[in-house]
Amino acid sequence: MRIAVIGCGYLGAVHAAAMASLGYDTVGVDVDEAKVERLRRGEPPFFEPGLPELLRAGVDAGSLRFTTDVAEVAGSDVVFVAVGTPQLAGSDAADLTFVDAAIESLLPHLGEGTVVAGKSTVPVGTAQRLADRIAPTGARLAWNPEFLREGFAVQDTLAPDRLVYGVAEGDGAAVAALDAVYATILARGTERLVMRFATAELVKVSANAFLATKISFINAMAEIAETVGADVTQLADAIGLDARIGRRFLNAGLGFGGGCLPKDIRAFQARAEELGHGHTLGFLREVDEINLRRRDRMAQLVDAELARVGGDRVGMLGLAFKPNSDDVRDSPALDVCRILEQRGRVVRAYDPEARETAGRSMPSLDIVGSVEDAVRGADVLALGTEWQEFRELDPVVVATQTDARVVVDGRNTLDAARWAAAGFKVVGLGRPEVE
Ligand code: NAD
């Protein structure tokens, strides 16, 4: 089977490497020459655990190629579309320019029997429009939304919770083509759900809306907890033990970020408004606002501690929007750095993997190569991303590297009692301070 993947970013590069690892002759296409050049050498253009090995294996075996020439998709059985759908500038809606351009570029190379499988997250209604666009070529469309999590992308691609196929009514051929592609994964008993285009599109955005709502729910509880002196972590443990609620995605802190959840809930709401359902999804605006408020709150807490100790230097640990990723798109940690800089504070930051991406996104930020360098000279420490490296820090050692005696833990991730025993005041989000 021959597979093509259009768009080789966080989703597409992993998908292409995974397809090659399943034994398919795979070509990845991207318009970004520098990215393609790196991928050709078997080097991931971003940090993702397990991807370097998978890429190298495919490239070395000759089953995985990368190109900027879309004509190389000709003859593919399935063409996955994994280009970006970012937030449109000046609007909440999704920017479909890249999806539309990718489909237009494919048209001359599609033929009878080819299946174009969309993986990008798109507003409901997009798939039908694209299906109509490619119909004259004889190719058929399926919408096969992707649920991978950065940091677990390889595992999530090769062992997903479920596979969702959106197809045109009665299009057994598209289902059969996707079943063939995912045969190894399906053989392990993975659930596969076949549905209409509109349902498949909605499954993806509603899953993200639900996850975002769960995080903002607990962060709203954190706001209340801060006022009344309650501990949101204990609250989450207690309500999370109810199997109907569940403990996962119930960690209060700096909230969600990245290239998906924030823009997806905005785009979903914008689409709902177009459909006359603005009111129906009005709560997503609250979800977004609660989420963004946590960034201001963290900056406020850091600021208050700086004022208390009479300093202005912050040692920031973590910049990526989540651990095990170098992605800083809409990163809460980076936003906190921005707010603090705007307030005239001096931030020195360290992240295990996001140095380059954060440096490009915020050139003014002083980014150093180790925890030790970030904390040296700081008046207040702050934690913005819950990397394992930070969880494992020995506060007794940190205390020898810095004069700061307070840490604002934006992810409620440090062992507060241990840090307090080492002489630090620990300020969490939604929790009483520990000294
Ligand atoms: P990304 O920005 O990392 O990658 C998109 C890639 O598409 C870029 O490399 C870009 O150069 C390329 N591209 C743009 N136009 C192109 C064209 N016409 N032809 C070929 N290549 C083109 O974005 P991403 O994070 O990989 O997300 C891609 C899509 O997948 C989005 O819709 C996103 O919402 C969705 N998604 C992402 C994740 C995730 O965790 N990143 C998870 C699930 C779904």
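A residue is called buried here if 20 or more other C-beta atoms lie within 10 Å of its own, exposed if 12 or fewer, and partly exposed in between. Keep that cut-off handy for the exercises below, and remember that this is a predicted model.

**Exercise 1. Two odd phi angles**

Task: Find where Asp330 and Phe249 sit, and decide whether each is buried or partly exposed.

Solution:
- Step 1: start with Asp330, which lies in the loop between S9 and helix H13 (332-342).
- Step 2: count its surroundings. Asp330 has 21 other C-beta atoms within 10 Å, so it is buried.
- Step 3: check the backbone. Asp330 isn't a glycine, yet its phi is positive, about 45°.
- Step 4: put that in context. Most residues other than glycine have a negative phi.
- Step 5: move on to Phe249, in the loop between helix H10 (232-240) and helix H11 (261-274). Its phi is positive too, about 65°, and again the residue is not a glycine.
- Step 6: do the count again. Phe249 has 16 C-beta neighbours inside 10 Å, so it comes out as partly exposed.

**Exercise 2. Laying out the sheet**

Task: Work out the strand order of the open six-stranded sheet and say which strands stand at its edges.

Solution:
- Step 1: read the order across the sheet, which goes S11-S10-S9-S12-S13-S14, with parallel pairing.
- Step 2: look at the ends. Strand S11 (366-367) and S14 each have a single partner strand, so one side of each has no neighbour in the sheet.
- Step 3: zoom in on one pair. Strand S9 (residues 313-317) runs parallel to strand S10 (residues 346-350), and five bridges join them. Leu317, for instance, has Tyr350 as its bridge partner in S10.
- Step 4: do likewise for S13 and strand S14 (residues 425-428), a parallel pair with four bridges. Here Val407 is bridged to Val426.
- Step 5: trace the connection. S13, helix H18 (residues 416-421) and S14 form a β-α-β unit, and its hand is right.

**Exercise 3. Around Asp409**

Task: Describe the setting of Asp409: which strand holds it, and is it buried or exposed?

Solution:
- Step 1: place it. Asp409 belongs to strand S13 (residues 406-409).
- Step 2: count. Asp409 has 28 C-beta neighbours inside 10 Å, so it is buried.
- Step 3: list the contacts, leaving out residues up to four places away in sequence. Asp409 touches Leu383, Leu414, Val426, Val427 and Gly428.
- Step 4: look further along the chain. Met298 is 111 residues from Asp409 in sequence, but their C-alpha atoms are 8.6 Å apart.

**Exercise 4. Two domains and a covered helix**

Task: Say how the chain splits into domains, and what kinds of residues domain 1 brings to the contact with domain 2.

Solution:
- Step 1: take the bounds. The assignment gives domain 1 (2-189) and domain 2 (224-428).
- Step 2: get the spacing. Their C-alpha centres are 32 Å apart.
- Step 3: split up the contact. Domain 1 supplies 15 residues and domain 2 supplies 17. On the domain 1 side, nine are nonpolar, four polar and two charged.
- Step 4: pick out helix H1 (residues 12-21), where ten of ten residues are buried. Among them are Gly12, His15 and Ser21. Just after H1, Gly23 has a positive phi of about 100°.
- Step 5: compare with the record. An unreviewed UniProt entry annotates residues 315-416 as "domain: UDP-glucose/GDP-mannose dehydrogenase C-terminal". That stretch is 34% helix and 18% strand, with its end C-alpha atoms 18 Å apart.

Notes:
Residues numbered from 1 in each chain as written. Predicted model: local features only at pLDDT ≥ 70, side-chain atom pairs only at ≥ 80, totals over all residues. Helix = DSSP H or I, 4+ residues; strand = E, 2+ residues; numbered from the N terminus. Contact = placed C-beta atoms within 7 Å. Domains from an automatic or database assignment. Nonpolar A, V, L, I, M, F, W, Y, C, P; charged D, E, K, R; others polar. Pairing = 2+ DSSP bridges. Right-handed = clockwise from strand over helix to strand, strands pointing away. UniProt positions renumbered as here; feature names shortened; annotations may be inferred.
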